[in-house]
Amino acid sequence: MVSNSSIFGKIFWLLIRPFSFVLALNGRNQINRAFPMRNLILWLVLLTSLLLTGCVKYDVGLNFDNSNSGEFVQHIKLGERLTSFSGDSVYEWLNSIERRARQLEGKAQRISQEEIIVTIPFSSGRELQEKFNEFFNSHTNQPSESVQSKSDSELPKIESNVLLEQNNFLVLVQNRLIYDLDLRSLALIASKGNVLANAGSILDLEFSLKTPWGAKNIQLTETAIEPEKNGNQLVWKLQPGQLNHIEAVFWLPSPLGIGALLITLFVLGGLYLRYNFMPDPKIQFSPKAATIQKQ
């Protein structure tokens, strides 16, 4: 699902919004003669790179306890230079993140005005897909239709989709995670299609996967992102301006399968004890046995 109101698109819009006055000056003939449009874009990129370098740190993590329990966590930290330029719009955006988390039965911890940690639980692979994709592609808590359409037209289009394929093997579940995040619209492009600057100098984006027994990264192409391994956690550095494709395979314990196996073993154990270490009830409670007991 494509949404112009994607979180990553909103971040980028907040970053470049303070410099919209530069493009507005392009409409004046006097400025046009002194600074052609190409130079204005270049100046815009340079100003953004110099003033907003490292302005946004956004970490997204999937944490699994077992096949029926987990959570995904977002840690957002905004630089002081961004908040000083964007003002109240940044804080309102963080407030909307809190509201969206509560709608998905999550919670938000506000570390400071510029930093927030959002945690949203899930109890199955299907619920993870629904909540994750809804969170990052949500149209909820948007302004009125006219204001929303105007705001959406200013945002770059971002595609974000997570897919979790699961195969149950009784006590274990094999999981294949596929995550696609299209950040190509975040690249700053010149009129001839040449990239003037990479948004990576402004956005610090990471995606992590943590499981009880670790995960194996599947690298389909040579240009695929190679994750860093930290114990049972894999961390991918997302690339703004590019199509990010992540695949990983991991195993999880199945509480339902383990519970069913324990119940089966308990019943079999009871039957074994019953017929091997206890007298047969047919003999114990037969009429002859009852007569002997009375005598």
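Let's start in helix 7 (residues 125–136), where Arg 126 and Glu 130 sit four residues apart and are therefore separated by about one helical turn. This is a predicted model, and in it the side chains of these two residues meet in a salt bridge, with 3.4 Å from N to O. Arg 126 counts as exposed, at 64% relative accessibility, while Glu 130, at 46%, counts as partly exposed.

Stay in helix 7 for a second pair. Glu 127 and Lys 131 are also four residues apart there, about one turn of the helix, and their side chains form a salt bridge of 3.0 Å, N to O. Lys 131 has a relative accessibility of 9%; buried means under 20%, so this lysine counts as buried.

Elsewhere, salt bridges with shared partners link up: Lys 57, Asp 59, Asp 204, Glu 206 and Lys 237 are joined into one network in this way. How many salt bridges does the structure hold? The count is eleven. As a general point, side chains of opposite charge can pair when their charged atoms come close.

One of these contacts takes us out of helix 7. The side chains of Glu 98 and Arg 110 meet in a salt bridge of 2.6 Å, N to O. Because Glu 98 belongs to helix 6 (residues 88–103) and Arg 110 to strand 4, the pair ties together parts that are twelve residues apart in sequence. Is Glu 98 buried or exposed? With 15% relative accessibility, Glu 98 counts as buried, whereas Arg 110 is partly exposed, with a relative accessible area of 30%.

Arg 110 brings us to the strands. Strand 4 (residues 107–112) runs antiparallel to strand 5 (residues 115–122), and five bridges join them. Within this pairing, Lys 107 stands opposite Thr 119 of strand 5. The connection from strand 4 to strand 5 is a hairpin that passes through two residues.

Further along the chain there is another hairpin, made by strand 6 and strand 7, with two residues between them. In its turn, Leu 170 has a positive phi of about 65°. Strand 6 (residues 158–169) and strand 7 (residues 172–182) run antiparallel and are joined by eleven bridges; Val 162, for example, has Tyr 179 in strand 7 as its bridge partner.

Which strand does strand 7 also pair with, through eleven bridges? That partner is strand 14 (residues 243–253), and the two run antiparallel. Here Gln 174 stands opposite Trp 251 in strand 14. Strand 7 thus has bridges to strand 6 and to strand 14.

Note on methods
Residues numbered from 1 in each chain as written. Predicted model: local features only at pLDDT ≥ 70, side-chain atom pairs only at ≥ 80, totals over all residues. Heavy atoms only, no water. Pairing = 2+ DSSP bridges. Salt bridge = Lys/Arg side-chain N within 4 Å of Asp/Glu carboxyl O. Buried < 20%, exposed > 50% of the residue type's maximum accessible area, 1.4 Å probe, protein only.
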